Amino acid sequence: DVSQNTALTVLSCSNNQLTTLDVSQNTALASLLCYFNQLTSLDVTWNTALIHLHCQNNQLTTLDVSNNTTLYYFQCQENQLTSLDVSQNTVLITLVCNNNQLTSLDVRHGNNDSIIDFNTINNPNLTCIDVDNAAWSTVHWWNFIDPQHYFSNNCSGTGIEESTTNKEFLRTIDVLGRETKGTNQPLFYIYDDGTVEKRITIE
């Protein structure tokens with residue numbers, strides 16, 4: 001119970017067997033490390049000064065970080081999250097959300113090129129990831145996504161059939177972002193609807 005510790009700025013309670021944690025009164029909290037517990041819910045909507053949030057290896061199914069606009073480091077891997085929206089977290093430099101049950105992920109916060117640590121691996125139900133620039137994300141993050149994942153600047157309302165029939169091919173780039181028509185290497189096919197497909201042609 002930390003409800004009376006209203007001046008608390010750092011709380012590290014990881015590697016326990018906590019099933020509940022109430023930090024709603026800790027509005028000065030800048031760093032919260034509560035990983036490796038058994039939390040099924042976590043409300044950080046009142047913690048608007050939060051910079052570090054490490055809540056990985058719990059049993060969280062939902063997590064709202066829309067009020068945490070100063071969040072720099074965010075790790076929530078190894079949970080059961082089905083959706084995640086970090087579009088309000090404009091200063092984010094770390095986003096690690098691998099090993100969840102994500103079906104939607106929105107990273108359109110206008111500053112994607114500041115993210116230096118990104119990982120969405122092992123989210124089998126996730127396909128389209130909303131980003132600022134699909135081509136940039138494909139070049140820089142392609143090694144940290146599942147094979148079925150792809151990036152778009154607008155995943156919502158774009159069905160598979162629609163994107164297949166209506167999108168127009170623009171260009172092909174390699175992993176370094178150079179335009180190319182080569183083979184025997186991972187290539188990224190960029191389309192006018194913001195989607196990017198990763199392919200390897202063997203010759």
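This is a short walk through the cysteines, salt bridges, surface patches and a few single residues of a predicted model.

I'll begin with the cysteines. How many disulfides does the structure hold? The structure holds one. The partners are Cys 128 and Cys 155, with their sulfur atoms 1.9 Å apart. The angle about the S-S bond is -80°, and the link of Cys 128 and Cys 155 is left-handed. As for where the two ends sit, Cys 128 is in strand β9, residues 128-130, and Cys 155 is in the loop between β10 (150-152) and α2 (160-166). The pair is 27 residues apart and links distant parts of the chain. Are these two cysteines buried or exposed? Both Cys 128 and Cys 155 are buried.

Now two cysteines to set beside that pair. Cys 34 is in no disulfide. Its nearest cysteine sulfur belongs to Cys 13 and is 5.4 Å away. Cys 34 is buried, and its relative accessible area is 0%. Then there is Cys 76. Why does Cys 76 not bond to the closest cysteine sulfur? That sulfur is in Cys 97, and because it is 5.2 Å from the sulfur of Cys 76, it is too far for a bond. The cut-off used here is 2.5 Å between the sulfur atoms. Cys 76 also counts as buried, at 0% relative accessibility.

Next, the salt bridges. A search of the whole structure finds two. In one of them, Asp 106 pairs with Arg 108, and the closest N and O atoms are 2.9 Å apart. In the other, the side chain of Asp 130 meets that of Arg 108, at 3.6 Å from N to O. Asp 130 lies in strand β9, while Arg 108 lies in the loop between β7 (104-106) and β8 (117-119), so this pair ties together parts that are 22 residues apart in sequence. Strand β9 is also where Cys 128 of the disulfide is found.

Taken together, Asp 106, Arg 108 and Asp 130 are linked in a network of salt bridges. How does each member stand in terms of exposure? Asp 106 counts as buried, at 13% relative accessibility. Asp 130 counts as buried too, at 9%. Arg 108 is at 30% and counts as partly exposed. The limit for buried is under 20%, so Asp 106 and Asp 130 fall on the buried side of it.

On to the surface. Which residues gather in the patch of negative charge? They are Asp 1, Asp 22, Asp 43, Asp 64 and Asp 85. Of these, I'll say a little about Asp 1. Asp 1 is found in the segment before β1, which covers residues 10-12. Asp 1 is exposed, with a relative accessible area of 87%.

There is also a nonpolar surface patch, of about 230 Å². Ile 51, Tyr 72 and Tyr 73 make this patch. Tyr 73 is found in strand β4, residues 73-75. At 31% relative accessibility, Tyr 73 counts as partly exposed. Patch members need over 30% relative accessible area, so Tyr 73 qualifies at 31%.

Two residues come up for their backbone angles. Asn 57 is not a glycine, yet it has a positive phi of about 60°. Asn 57 is in the loop between β3 (52-54) and β4. Glu 78 likewise has a positive phi of about 60° and is not a glycine. Glu 78 is placed in the loop between β4 and β5 (83-85). At 35% relative accessibility, Glu 78 counts as partly exposed.

Last, two distances between C-alpha atoms. Ile 190 is in strand β12, residues 186-191. Ile 190 is buried, with a relative accessible area of 6%. How far apart are the C-alpha atoms of Ile 190 and Thr 172? They are separated by 6.1 Å, and the two residues are 18 residues apart along the chain.

The other distance starts from Ala 7, in the segment before β1. Ala 7 counts as exposed, at 66% relative accessibility. From Ala 7 to Leu 105 it is 33 Å in space, C-alpha to C-alpha, and 98 residues in sequence.

That is what I have for today.

Technical notes:
Residues are numbered from 1 along each chain as its sequence is written. This is a predicted model: local features need pLDDT of at least 70, side-chain atom pairs count only at pLDDT 80 or more; totals for chains, interfaces and linings use all residues. Side-chain values use heavy atoms; hydrogens and water are left out. Patches are made of residues with over 30% relative accessible area and no salt bridge: like charges are joined within 9 Å, nonpolar side chains (Val, Leu, Ile, Met, Phe, Trp, Tyr) within 5 Å. Accessible areas come from the Shrake-Rupley method with a 1.4 Å probe; for residues, only the protein chains shown count as cover. A salt bridge is a side-chain nitrogen of Lys or Arg within 4 Å of a carboxyl oxygen of Asp or Glu. Lys and Arg count as positive and Asp and Glu as negative; His and the chain ends are not counted. The place of a charge is taken as NZ of Lys, CZ of Arg, CG of Asp or CD of Glu. Helices (H or I, at least four residues) and strands (E, at least two) are DSSP runs, numbered from the N terminus. Buried means under 20% relative accessible area, exposed over 50%, partly exposed in between (1.4 Å probe, protein chains only).
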